[in-house]
Amino acid sequence: MTKRALITGITGQDGSYLAEFLLEKGYEVHGIKRRASLFNTQRIDHVYQDRHDQNARLFLHYGDLTDTSNLTRILCEVQPDEVYNLGAQSHVAVSFEAPEYTADVDGIGTLRLLEAIRFLGLHKKTRFYQASTSELYGLVQEIPQRETTPFHPRSPYAVAKLYAYWITVNYREAYGIYACNGILFNHESPRRGETFVTRKITRGLANIAQGLESCLYMGNIDSMRDWGHAKDYVRMQWMMLQQEAPEDFVIATGVQYSVREFIAWSAAELGITLRFEGVGAEERGIVEAVSGDMAPNVAPGDVIVRIDPRYFRPAEVDTLLGDPARAKQKLGWVPEITVQEMCAEMVAEDLKSARRHRLLRENGLELPVSLEN
Ligand code: NDP
Ligand code: GDR
């Protein structure tokens with residue numbers, strides 16, 4: 001029997017990798033996408049098949065995590081074996097600007113799905129994965145963070161995800177639903193949204209190297225993160241739903257680096273050596289050496305990174321480091337891609353696209369480069 005999965009957030013970074021992964025495993029995949037005034041399926045266009053094609057196994061449904069009747073209808077129609085709740089207002093800084101919306105989507109949205117599963121009598125059939133987050137640890141109480149580490153969320157996003165975490169546990173305990181939390185630490189890829197720190201860096205520096213931008217404005221570059229590759233992490237999301245009993249797992253690499261280091265690696269991939277000068281809001285990154293071909297528009301002495309206090313958060317999560325021991329012991333999961341390999345892949349992809357833009361510009365065919373950070 002073909003298994004059927006429903007993914008909320010299928011148009012996002014993780015949703016796109018998970019859809020690919022499940023299609024390769026032979027699943028019929030259903031995804032919820034939001035209506036937008038422009039096409040918003042770029043990350044999944046390469047796996048999309050016209051639904052008139054007899055072999056089509058990927059189906060998209062318009063929907064929104066704020067819309068109970070819509071979610072209930074989709075669940076009723078699809079009757080999924082597995083639900084992956086990846087949909088979210090997922091940007092921590094934005095959650096300070098839109099706290100109520102973030103709570104509605106990320107917190108109550110999770111309840112809406114679980115309640116629909118219960119109400120429709122799918123609680124025996126449907127397994128549920130909740131995209132929980134290392135942001136739950138916030139002001140960290142233990143290093144490294146593991147499944148038993150107490151939570152102390154530091155943003156409206158993290159507080160909303162705390163509700164989602166506990167309502168998932170509650171529906172498992174109260175109704176016997178196979179529901180579990182993946183407590184995932186930061187994971188990135190060339191498909192990462194452009195305003196998250198890693199992608200902002202790789203894209204910004206590639207654009208600078210190609211002369212499309214002149215300076216990258218950053219926030220707290222001393223923040224420490226445990227970064228993995230999204231491809232490794234979606235494999236784990238699926239593994240968590242294949243166990244005999246539902247359980248919550250920390251998914252991380254067990255190694256942490258600073259944003260500053262990520263900037264330095266990305267610059268090095270572009271042949272640029274940086275000298276960091278000053279501290280806090282006064283800090284400047286100064287280019288000391290440039291290898292010609294790859295970064296034709298950067299000269300020694302150019303200031304290509306500046307700190308802008310606009311990107312500091314009202315409450316910061318300074319350091320995160322996960323302990324993935326339980327995932328390794330119980331599921332045999334280990335990440336395969338290192339953060340340095342991932343950084344190189346991201347820079348290479350962003351450089352390709354910056355070169356395309358530059359060529360178009362040189363031929364009078366300029367496409368707008370969005371500079372929104
Ligand atoms: P993205 O921001 O790339 O994707 C989020 C997805 O959610 C998009 O498809 C987006 O749609 C959709 N979405 C946003 N709002 C709504 C809504 N109101 N109704 C329905 N769908 C909505 O996130 P990631 O792929 O990086 O992350 C996936 C999940 O994992 C998120 O829940 C995130 O909070 C969580 N997480 C992510 C981590 C990471 O490091 N990436 C770590 C830990 C947890 P659209 O394309 O239209 O914007
Ligand atoms: P995070 O990711 O908040 O950890 O949430 P993000 O990449 O946004 O920030 C990581 C760290 O970098 C610092 N930083 C900046 N961040 C951004 N976005 N832009 C900047 O200019 C900048 N300068 C410094 C931040 O202050 C922070 O400390 C991500 C999201 O994917 C969540 O959905 C997910 O739950 C967590 O990871 C785990």
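**Group meeting: a central strand, two cores and a ligand shell**

Let me begin with strand pairing, where four bridges join strand β4, residues 82–85, to β5, and the two run parallel. Please keep in mind throughout that this is a predicted model. Within that pairing, the bridge partner of Asn-85 in β5 is Gln-130. On to the next pairing: β5 is joined by six bridges to strand β6, residues 179–184, and these two also run parallel, with Asn-181 in β6 as the bridge partner of Gln-130. Between these two strands the chain passes from β5 through α5 to β6, a β-α-β crossover that is right-handed.

What, then, surrounds β5, and is the strand enclosed or open? Seven of the seven residues of β5, which spans residues 127–133, are buried, and therefore the strand is largely enclosed by the rest of the structure. As a general matter, side chains in a regular strand alternate between the two faces of the sheet. Here Arg-127, Tyr-129, Ala-131 and Thr-133 point one way, while Phe-128, Gln-130 and Ser-132 point the other way, and all of them are buried.

Phe-128 brings me to the cores, since it is among the residues with the most contacts inside the largest nonpolar core, which has 65 residues, together with Ile-7, Leu-18, Ala-19, Leu-114, Ile-117 and Ile-251. The largest share of this core, nine residues, is supplied by helix α5, residues 156–175. Apart from this core lies another, of 31 residues, including Leu-205, Phe-262, Leu-270 and Met-342. If we take Ala-19 from the first core and set aside its neighbours within four places in sequence, we find it in contact with Ile-7, Ile-10, Val-29, Gly-31, Ile-44, Val-47 and Leu-58.

Now to ligand 1, which has 26 residues around it, and of these Gly-9, Gly-12, Gly-87, Ala-88 and Ala-131 come nearest. Both α1, residues 13–24, and β5 supply at least two residues each to this shell, and the largest share, three residues, comes from α1. Sorted by class, the shell has 15 polar, eight nonpolar and three charged residues.

I will finish with a loop residue, Val-298, which lies between β14, residues 284–290, and β15, residues 303–307. Is Val-298 buried or exposed, despite being in a loop? Val-298 counts as buried because 24 other C-beta atoms lie within 10 Å, where the cut-off for a buried residue is 20 or more. Val-298 and Ile-208 are 90 residues apart in sequence, yet their C-alpha atoms are 7.3 Å apart in space.

Conventions. Residues are numbered from 1 along each chain as its sequence is written. Chains are lettered from A and ligands numbered from 1 in the order in which they are written. This is a predicted model: local features need pLDDT of at least 70, side-chain atom pairs count only at pLDDT 80 or more; totals for chains, interfaces and linings use all residues. A nonpolar core is a set of buried Ala, Val, Leu, Ile, Met, Phe, Trp, Tyr and Cys residues joined through C-beta atoms within 7 Å. A residue is buried if 20 or more other C-beta atoms lie within 10 Å of its own, exposed if 12 or fewer, and partly exposed in between; C-beta atoms are placed from the backbone. Two residues are in contact if their C-beta atoms, placed from the backbone, lie within 7 Å. Two strands pair if DSSP finds at least two bridges between them. A crossover is right-handed if, with the strands pointing away from the viewer, the path from the first strand over the helix to the second runs clockwise. A residue is near a molecule or strand if its C-beta atom, placed from the backbone, lies within 6 Å of it. Ala, Val, Leu, Ile, Met, Phe, Trp, Tyr, Cys and Pro count as nonpolar, Asp, Glu, Lys and Arg as charged, and the others, Gly among them, as polar.
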